[in-house]
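Here are a few short exercises to work through with the model open beside you. Try each one before reading its solution.

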Amino acid sequence: ADRFGRLDCAHNNAGISEPPVPFHELGEASWQRMLALNLSSVFWCMQAEIRQMLRQPLVRGRRGVIVNTSSGAGIVPALGQAHYTAAKHGVLGLTKCAAAEYVSAGIRTNAICPGLTDTRMVREFLAASPPGVAEAVRRTVPGGELGKPDQVAALAVWLCSEQAAWVNGQGIVVDGGGVMR
């Protein structure tokens with residue numbers, strides 16, 4: 001905003017993962033860390049972005065667009081990842097609240113829910129998973145192929161564009177069809 005005079009688009013793309021652990025063994029430190037990094041960070045960024053966008057004049061009836069990265073685990077649970085699943089469900093909740101609250105002010109908010117994408121985080125998660133969990137997770141990927149980061153990024157760019165002007169409050173899954181199972 002200091003450099004260009006306004007904030008037209010923001011993409012909150014926070015995410016960490018940890019090796020899978022049974023729900024009843026999940027420790028408080030892991031729970032708190034996951035929520036802080038995967039949910040609270042998105043909340044704090046959204047607050048700052050919304051404040052900035054509300055100060056801006058309308059341009060073509062709009063003040064700005066916010067895109068959050070949730071996860072396929074925001075739609076269906078991730079095995080051994082109760083804290084990750086809860087955080088990513090929370091990102092969808094924040095997205096919907098902001099979308100409903102600020103659409104009349106000219107701010108649209110949506111979320112992307114990527115499936116297994118070929119990122120360092122996913123590769124490390126799969127490598128650290130017990131063989132049974134890793135194989136079960138891999139079976140959810142249609143065709144057995146991980147998504148590509150640029151496929152997810154293309155959705156973020158589209159959501160920020162005028163072509164998506166009628167899209168608000170949505171969590172759009174981009175996973176090659178894994179969640180449809």
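Two strands pair if DSSP finds at least two bridges between them. Keep in mind that this is a predicted model.

**Exercise 1.** Find which residue of β2 is the bridge partner of alanine 10, and work out how β1 and β2 pair.

*Solution.* Start with the bridge: alanine 10 has isoleucine 66 in β2 as its partner. Next, widen the view to both strands: β1 and β2 (residues 64-69) are joined by 4 bridges and run in the parallel sense. Then trace the connection: from β1 the chain passes through helix α1 (residues 28-55) to reach β2, a β-α-β crossover that is right-handed.

**Exercise 2.** Sort the side chains of β1 (residues 9-12) by the face they point to.

*Solution.* Take one face: Ala10 and Asn12 point there, and they are buried. Now take the other: Cys9 and His11 point that way and are not buried.

**Exercise 3.** Describe the span of α1, its bend and its surroundings.

*Solution.* First, the span: the 28 residues of α1 reach 39 Å from first C-alpha to last, close to the expected 40 Å. Second, the bend: α1 turns by about 40° at alanine 36. Third, the buried residues: among them are Leu35, Leu39, Val42 and Met46. Their cover includes β1, β2, α2 (82-102) and β3 (107-114).

**Exercise 4.** Is tryptophan 166 buried or exposed?

*Solution.* Locate tryptophan 166 in the loop between α5 (149-160) and β4 (171-174). Its relative accessibility is 85%, so tryptophan 166 counts as exposed, the cut-off being over 50%.

Technical notes
Residues numbered from 1 in each chain as written. Predicted model: local features only at pLDDT ≥ 70, side-chain atom pairs only at ≥ 80, totals over all residues. Heavy atoms only, no water. Buried < 20%, exposed > 50% of the residue type's maximum accessible area, 1.4 Å probe, protein only. Helix = DSSP H or I, 4+ residues; strand = E, 2+ residues; numbered from the N terminus. Right-handed = clockwise from strand over helix to strand, strands pointing away. Expected span 1.5 Å × (residues − 1). Bend = angle between axes of the 7 residues up to and from the residue. Contact = heavy atoms within 4.5 Å.
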